[in-house]
Amino acid sequence: MRTDTAQIVRLEDYQPSDFLIDRVELDVRLHPTETRVTATLVMRPNPEGRSDAPLVLDGEEMNLKAVSLNGRTLTAEEFEASPQSLTIAQAPRQPFTLTVETELNPTANTKLMGLYRSSGNYCTQCEAEGFRRITYFLDRPDVLSVYNTRIEADRDDVPVLLGNGNRIESGSIDGSDRHYAVWHDPHPKPSYLFALVGGRLGRVSKTFTTMSGREVELAIYVEPGKEDRADYALDALERSMRWDEKIFGREYDLDVFNIVAVSDFNMGAMENKGLNIFNDKYVLASPETATDTDYAHIEAIIAHEYFHNWTGNRVTCRDWFQLCLKEGLTVFRDQEFSSDERSRPVHRIAEVKTLRARQFLEDSSPLAHPVRPTQYREINNFYTATVYEKGAEIVRMLKTIIGDDDFRRGMDLYFERCDGTAAAVEDFLRAFADVTGRDLSHFARWYEQSGTPRVKVKGHYDPDARTYRLDLAQSTPPTPGQAKKEAMAIPVALGLVAHDGSAMSASCDRVDQRGVFLFDKPEDSITFTGVASLPVPSLFRGFSAPVKLSLDLPNEELLVLLRHDTDSFNRWQAAQSVAMRLLVYLSTGVEVADEDIDAFSAALCSFTDRNAQDDPAFAALVVTLPSEADVAQEIGQDVDPDAIHRARSEMRRRIGQGCAKHLQRFYETLTVSGPYSPDAASAGRRALRNASLDLLAAADPDTGEALAVRQLESASNMTDRLASLSVLTTLPGAVREEAIARFGDRYRNEPLVLDKWFTLQAAIPEDGTLERVKALMQHPAFSIANPNRVRSLIGSFAMLNQVQFNRADGAGYRFLASIVLRADELNPQLAARLLTAFSTWRMMESTRRSHAEQVLRSIAQKPNLSRDVGDIVSRSLE
Ligand code: 0A1
Ligand code: ZN
């Protein structure tokens, strides 16, 4: 492996910092290529640190200009500066003030970490380790300081100057065309929550009155001219603030809350104290440019970042191994918010689809790691589905096990005890253990053990005794670094359903009053009494644990659940299970009787028919088949993506034909009148109508094409327009090409819409797609330096296009490798994320597998790989 320093950081090596920084005075003079930063750090030795340690500050890619200690400039002999650190061997043993002056070049900063420019504006990104690119610092989350930031810039070029906290001063600099602002953040925070922004920006704002009656000015800053596209985000922010007061009793704690949207950003958004910085994709929305899904994402991410103010900022993390403490908990909170604002069952299904598609995949790949990892080479590679989504599932299981009231009491105690501190997972669990008197040490294993547990269940009915016994067994497959696994504490929410749908009055003393059985041994059995007839078990209701269930129910029994289960999630799950079984058989050459497909199709028709009017969003989820990637994951080895693609196309065609009458009716009747609104009810109607269009086109391409073209021309919103273009991309020919070209032309000045256009084309499952993607890289809107463009074109090709990325000739793999290497020179984080598309390589059939391995090995051989890419490639090959 030829990477830069491949040092491994280990959880077991954690030591408190030897020094603390109580106050930070920053003076930042913005300049495109020579920004000057003077940091005055009020420091003292940490009583909990080592008493003889040198002072070692972190640094990266800065030009050090001067260092002084207690006002005296240090000579070159008194400190040692390297690209990664600034060391003062003889640091004082009493409080002292260190002043460090650095010079940065924000224009040349293509990594988008530290201070950089986006569309000419200045912005920062400091999580996880970006602050050390602004000044030398103890850049670790357990060093909390109060910040004062003075920002100075050219008044005309940079009229808006924003920092963390409240603005306490601003003005002009006499005799010059420069101005300044001073921001004070009274809440001690780690450096990763620092932010500043300088630029020419438009603004929308409103006043929010908190639960205790304080007034807070909420503002969102965007590219001038796009202010009206920020209204929805502002509304979502207000709703999030109200929800956190009502559900968790958490109030906002500054006079202003600012959000800035930027167009070059490595992730979704960042929760900097009082100054969130967002990828503009998650702020800007108008009916003409954003889909229903975009609106839902904006709402969720605005909420997520806002909720971090308590889970992440007021209570922060002791070290980066505790990342799930803020991320898993905050994802759980944003999921709950979206569920309350929208349809809870529909949202739960969406969450689980994401979890399975991303986290289960990661957990079964060479990149599998515990929710709280024990070591890392590059922390940026651990902002993963495991830390975020599985982390959220752990919090959800905890709530399922202890109940809603104790969960809230535990959260209150956690905030009370840990406010203003840098905490660890143990502190979180201790609050719930103390509130309930429960021993949660076994439950804590969810943070430590990686891999997705499998739960095998068999049911036995005794009609004479009127008992029903469930035998359960659990196991977790080996994952990197963890060959042997222990049994997990798995909450199984369950019930029994009679074949005719009537309620069953069975009882079982191992199941609590909330219908949950805690399965915490390798094997166990539970028996229900008073069971009048053979039941169908409904297990893991609401997806009560992130496990894979093996329960071989025949299709007919699954269809009983689809019709009669009181649990919505399991109704959807039942349809998915039948579909998955048929898709796996069709993909792997197992014979499938026509009647089985017809029976499934008939069940879908009648189910959707019954639900189309009352809950179209749910019906749309039920008629949507598992994706090709889902099927690949289910097959798990020797995967042939072409066979899966053929199987899924065939199933879509058969269901489209079988349900044609119903689908046509939905398509005709589920129109939404009046001006566009992204509310869940209207979005649900559009979802089922567009899912119907997709299946109708699969059944009869000519009809589908005609309907899609008409919809594309007449649509009054981006949801319907994009859905019709998406259907057209499945139908090769001149009509499609013309539609694609016209769409691209219409939105040539709308980068976020062009991203969707890139994605649709990159996902076309045809041989010419690789060439198409290469050609699109020449499009004037494409730039390898912009993460949104790269992800929408290249990322979509690699992650969404199963057949073309995994081409049997290896060309898809070679292409991705070439882009990863190019991107790595500019933006290692982006490159490393693209590279994770290879995480499925070991499950492919042998030809593809060997192409992928060869490509990965050739990447690993390259000189000067970033630590980010070096880490992913080496773990992928382990
Ligand atoms: N804390 C943010 C995620 C985030 C992480 C790293 C970043 O920089 C590369 C940016 C954002 C969140 O959870 O939203
Ligand atoms: Zn987060």
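## Helix α1

In this predicted model, helix α1 covers residues 231-248, and its 18 residues reach 25 Å from first C-alpha to last. That is close to the 26 Å expected at 1.5 Å a residue. Right after the helix comes G249, with a positive phi of about 70°.

Which residues of α1 are buried? They are Y232, A233, L234, A236, L237, S240, M241, W243 and D244. And what do these buried residues pack against? Their partners are two strands, β17 (202-209) and β18 (215-222), plus two helices, α2 and α3 (323-341).

## Helix α2

Helix α2 turns up again here, since the buried residues of α1 pack against it. It runs over residues 292-307. With 16 residues at 1.5 Å a residue, α2 should span 22 Å, and its end C-alpha atoms sit 23 Å apart, so the two values agree.

As for burial, 13 of the 16 residues of α2 are buried, which means the helix is largely enclosed by the rest of the structure.

## Around ligand 1

Helix α2 also has a hand in the ligand shell: both α2 and strand β20 (269-270) supply at least two residues each to the surroundings of ligand 1. The shell counts 13 residues, and the closest are Q125, E127, N266, M267 and M270.

If you're thinking about chemistry, the shell is a mix by class: 4 nonpolar, 5 polar and 4 charged residues.

## The nonpolar core

The largest nonpolar core holds 255 residues, and the ones touching the most other members are V260, V283 and L834. Helix α5 (residues 385-402) gives the most to this core, chipping in 10 residues. As a general point, nonpolar side chains in soluble globular proteins tend to be buried together.

Take V260 as an example. Leaving out residues up to four places away in sequence, V260 touches C123, L162, V197, L201, Y221, I277 and F278.

## An uncovered hairpin

For a contrast, have a look at strand β14 (residues 166-172). How many of its 7 residues are buried? The count is 0, so to speak a strand that is hardly covered.

Strand β14 pairs with β15 (residues 178-189): the two run antiparallel and are joined by 6 bridges. One of the residues involved is N166, whose bridge partner in β15 is H184. Together β14 and β15 make a hairpin with 5 residues between them, and G175 in the turn has a positive phi of about 75°.

Note on methods: Residues are numbered from 1 along each chain as its sequence is written. Chains are lettered from A and ligands numbered from 1 in the order in which they are written. This is a predicted model: local features need pLDDT of at least 70, side-chain atom pairs count only at pLDDT 80 or more; totals for chains, interfaces and linings use all residues. A nonpolar core is a set of buried Ala, Val, Leu, Ile, Met, Phe, Trp, Tyr and Cys residues joined through C-beta atoms within 7 Å. A residue is buried if 20 or more other C-beta atoms lie within 10 Å of its own, exposed if 12 or fewer, and partly exposed in between; C-beta atoms are placed from the backbone. Helices (H or I, at least four residues) and strands (E, at least two) are DSSP runs, numbered from the N terminus. Two residues are in contact if their C-beta atoms, placed from the backbone, lie within 7 Å. Two strands pair if DSSP finds at least two bridges between them. A residue is near a molecule or strand if its C-beta atom, placed from the backbone, lies within 6 Å of it. Ala, Val, Leu, Ile, Met, Phe, Trp, Tyr, Cys and Pro count as nonpolar, Asp, Glu, Lys and Arg as charged, and the others, Gly among them, as polar. The expected span of a helix is 1.5 Å times one less than its number of residues.
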